[in-house]
Amino acid sequence: MTTMTHAMLKGSNVPLDTAAVRAVLRWTPGPGVPDVDASALLLGADGRVRSDEDFVFYNQPRHPSGLVRRLSKKREADGLTDTIEADLGTLDASVDQVVIAASSDGDSFRSVSDLRILLYDAGDAGREPLALFDVKAETGEETAIICGELYRRGKGWKFRAVGQGYPTGLVGLATAFGISVDEATEEPAAPQTPARPAPSGADSDATVVHTPIPPQPATPPAPASAPAYGYPQPVTSSMPPGPAQEFRLPPMGPQFVRP
C-alpha cells in the first residue's frame with residue numbers, strides 16, 4: 001500500500017494510524033554548521049515531566065520504560081540524522097504527550113538551513129515518511145527548538161508540527177518543562193559581616209552578636225511574550241557566560257555534558 005507523506009505547516013497536525021513511530025531529525029553538516037542533537041520529553045496532562053527520568057537525550061538515551069529511546073546518529077547521502085523512537089501504544093496512561101526537540105552545539109540554528117523532522121511508522125522500514133516538517137529558526141538566536149509533538153487524542157495519537165525556539169539551549173528547554181537542573185558552579189563566598197567590637201568594660205568571653213546584612217531583592221525579569229501552543233517559556237540560566245560550562249542534574253540524574 002502506498003503511503004502519502006503529509007508535508008506539514010507550522011501548527012498543523014495529522015492523525016497517526018500506527019502506535020510505534022520513529023521521528024528522524026535530518027540536516028546537512030558543513031563548515032560553521034553546529035552539530036544537532038535530538039531529544040524527547042514525556043509530559044503529563046499538566047505539560048510537565050513527571051520526573052527527571054522523563055527526559056531522553058544524549059546522556060540518557062533510553063527511558064526507564066524502554067518505550068522511548070534515542071538511536072545512534074547516522075550519516076546518509078543527504079545529510080546527518082538523529083532519531084527518537086516511541087512505542088506510543090504501550091506508554092503509561094499518565095503520559096499525555098511526547099515532545100520531540102532539537103538542540104545545537106556550538107552555535108545557534110541560524111547556521112542550520114535545512115533542518116527537518118520526518119515521522120515514520122517504526123514497524124515498517126520500507127515505507128515513505130508519514131509526515132515531514134521543515135523546521136525554520138525564526139529569530140536566528142535559537143539553540144533549542146521544539147520540532148513537533150506526539151499527543152493523545154481520544155484513543156489514538158496525533159502529530160503536530162510546532163517549531164517553537166528557545167535561546168537558552170538544552171538546559172533552558174529542560175528547565176522549562178520541569179527538569180531539575182543543578183548548575184555545577186562554585187558560588188562566590190558571601191562577604192563576612194564585620195564583627196562589632198565588644199562594649200567598653202565588657203567581659204572578654206561575652207558573646208558578640210553579628211547582624212547579617214539582608215540580601216538585596218533580585219530584579220524581576222521582563223515579561224515574556226505568550227508562548228505558542230501553551231508551551232512554557234525558557235528559564236534563563238543564572239550562570240555568567242563563559243566557555244566550557246557543564247550542567248548537571250541532581251545525583252543519579254543525567255548530566256548535560258556531551259559525550
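This passage describes the strands, a helix, the charged and aromatic contacts, and a pocket of a predicted model.

An open sheet of 6 strands is present, with the order β2-β13-β12-β9-β4-β5. Its pairing is antiparallel. The edges are taken by β2 (13-15) and β5 (55-56). Each of these two has a single partner strand, so one side of each is left without a neighbour in the sheet.

Strand β9 (residues 97-105) pairs with β4 over 9 bridges, in the antiparallel sense. Two positions illustrate the register. Asp35 stands opposite Asp105 in β9. Ala40 faces Ile100 of β9. Strand β9 is also joined to β12 by 7 bridges, and these two strands run antiparallel. Within that pairing, Ser103 has Ala144 in β12 as its bridge partner. Burial of β9 is extensive: 8 of its 9 residues are buried, so the strand is largely enclosed by the rest of the structure.

Helix α1 (residues 169-176) shows a similar pattern of burial. Of its 8 residues, 7 are buried, so the helix is largely enclosed by the rest of the structure. The buried positions are Gly169, Leu170, Val171, Gly172, Leu173, Ala174 and Ala176. Gly178 follows α1 and has a positive phi, near 100°.

Charged contacts come next. Side chains of opposite charge can pair when their charged atoms come close. The structure holds 14 salt bridges. One of them joins Lys73 to Asp35, with the closest N and O atoms 2.7 Å apart. Lys73 lies in the loop between β6 (68-70) and β7, whereas Asp35 belongs to strand β4 (residues 35-43), so the pair ties together parts that are 38 residues apart in sequence. Lys73 has a relative accessibility of 29% and therefore counts as partly exposed. Asp35, at 25%, also counts as partly exposed.

A second salt bridge connects the side chains of Arg50 and Asp54, at 2.9 Å from N to O. Arg50 is partly exposed at 40% relative accessibility. Asp54 is buried, with a relative accessibility of 2%; the cut-off for burial is under 20%.

A third salt bridge is formed by Arg160 and Glu149, whose closest N and O atoms are 2.1 Å apart. This pair links distant parts of the chain, 11 residues apart. Arg160 sits in strand β13 (residues 156-166) and Glu149 in strand β12 (residues 144-153). Arg160 and Glu149 are both buried. Elsewhere, salt bridges that share partners join Asp35, Asp37, Arg70, Lys73 and Asp82 into one network.

Aromatic contacts were examined next. A pair of aromatic rings is described by the distance of the centres and the angle of the planes. The structure holds 2 aromatic pairs. One of them, between Phe55 and Phe57, is stacked. Its ring centres are 4.7 Å apart, with 10° between the planes. Phe55 is buried, at a relative accessible area of 0%. Phe57 likewise counts as buried, at 1% relative accessibility. Ring pairs link Phe55, Phe57 and Tyr58 into a cluster. Phe55 lies in strand β5, one of the edge strands of the sheet. The C-alpha atoms of Phe55 and Val68 are separated by 9.6 Å, and the two residues are 13 apart along the chain.

The last feature is a pocket. Rolling a probe the size of a water molecule over the atoms shows where empty space is left. The second largest pocket has a volume of about 200 Å³. Its lining consists of Arg22, Val24, Arg26, Leu71, Ser72, Lys74, Glu76, Thr81, Thr83, Glu85 and Tyr120. Three strands each supply at least two of the lining residues: β3 (20-27), β7 (74-76) and β8 (79-87). By residue class, the lining divides into 3 nonpolar, 3 polar and 5 charged residues.

Terms used:
Residues are numbered from 1 along each chain as its sequence is written. This is a predicted model: local features need pLDDT of at least 70, side-chain atom pairs count only at pLDDT 80 or more; totals for chains, interfaces and linings use all residues. Side-chain values use heavy atoms; hydrogens and water are left out. On a 1 Å grid over the protein atoms alone, a cavity is a set of points where a 1.4 Å probe fits but cannot get out, and a pocket is an open set with protein on both sides within 12 Å along at least five of seven lines; lining residues have an atom within 4 Å of a point. Grid points are joined across faces, edges and corners, and a volume is the space filled by probe spheres set on the points. Helices (H or I, at least four residues) and strands (E, at least two) are DSSP runs, numbered from the N terminus. Ala, Val, Leu, Ile, Met, Phe, Trp, Tyr, Cys and Pro count as nonpolar, Asp, Glu, Lys and Arg as charged, and the others, Gly among them, as polar. Buried means under 20% relative accessible area, exposed over 50%, partly exposed in between (1.4 Å probe, protein chains only). A salt bridge is a side-chain nitrogen of Lys or Arg within 4 Å of a carboxyl oxygen of Asp or Glu. Two strands pair if DSSP finds at least two bridges between them. Rings of Phe, Tyr and Trp (its six-membered ring) pair if their centres lie within 6.5 Å; planes under 30 degrees apart count as stacked, over 60 as edge-to-face and the rest as tilted.
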